[in-house]
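Welcome, and thank you for taking a look at this model. Please open the structure beside the text, and we can walk through it together.

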Amino acid sequence: MPKLLIIAGGGLIFIGVIWLMAERLGFSRLPGDIVIEKENFRFYFPITTCIVISIILSLIFSFLRR
């Protein structure tokens, strides 16, 4: 169990670092992402970002499978 927690923690740190780097490179709000802003409310649904991440992960896993 401790090894699993260490691996999960390392994975979360890795994802956090990648996320920060992506925001600095301009991948945080792509065209096609849905943003609704009102006075006391903000809704953000990153549909285009989700599609791009899905394509990238699919390519990575297909290369790893070979």
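Here is a short report on the pocket, a glycine in a helix, and a pair of strands.

## The largest pocket

This is a predicted model, so please read the values below as computed ones. Its largest pocket has a volume of about 680 Å³. Lining that pocket are 18 residues, and those closest to its centre are Ile18, Trp19, Ala22, Thr49 and Ile53.

Which helix gives the most to the lining of the largest pocket? Helix 2 does, with seven residues. Helix 1, spanning 2-24, and helix 2, spanning 47-65, each supply at least two residues of the lining. In character, the lining of the largest pocket divides into 15 nonpolar residues, two polar and one charged.

## Gly11 in helix 1

Gly11 is found in helix 1. Is Gly11 buried, partly exposed or exposed? Its relative accessible area is 28%, and because buried means under 20% and exposed over 50%, Gly11 counts as partly exposed.

It is also handy for gauging a distance to the pocket lining: Thr49, one of the residues closest to the pocket centre, lies 38 residues from Gly11 along the chain, and the C-alpha atoms of the two are separated by 20 Å.

## The strand pair

Strand 1 covers residues 34-37 and strand 2 covers residues 42-45; the two run antiparallel and are joined by four bridges. Between strand 1 and strand 2 comes a hairpin of four residues. To find the pairing on screen, start at Ile34, which stands opposite Phe45 in strand 2.

Conventions
Residues are numbered from 1 along each chain as its sequence is written. This is a predicted model: local features need pLDDT of at least 70, side-chain atom pairs count only at pLDDT 80 or more; totals for chains, interfaces and linings use all residues. Side-chain values use heavy atoms; hydrogens and water are left out. On a 1 Å grid over the protein atoms alone, a cavity is a set of points where a 1.4 Å probe fits but cannot get out, and a pocket is an open set with protein on both sides within 12 Å along at least five of seven lines; lining residues have an atom within 4 Å of a point. Grid points are joined across faces, edges and corners, and a volume is the space filled by probe spheres set on the points. Ala, Val, Leu, Ile, Met, Phe, Trp, Tyr, Cys and Pro count as nonpolar, Asp, Glu, Lys and Arg as charged, and the others, Gly among them, as polar. Buried means under 20% relative accessible area, exposed over 50%, partly exposed in between (1.4 Å probe, protein chains only). Two strands pair if DSSP finds at least two bridges between them.
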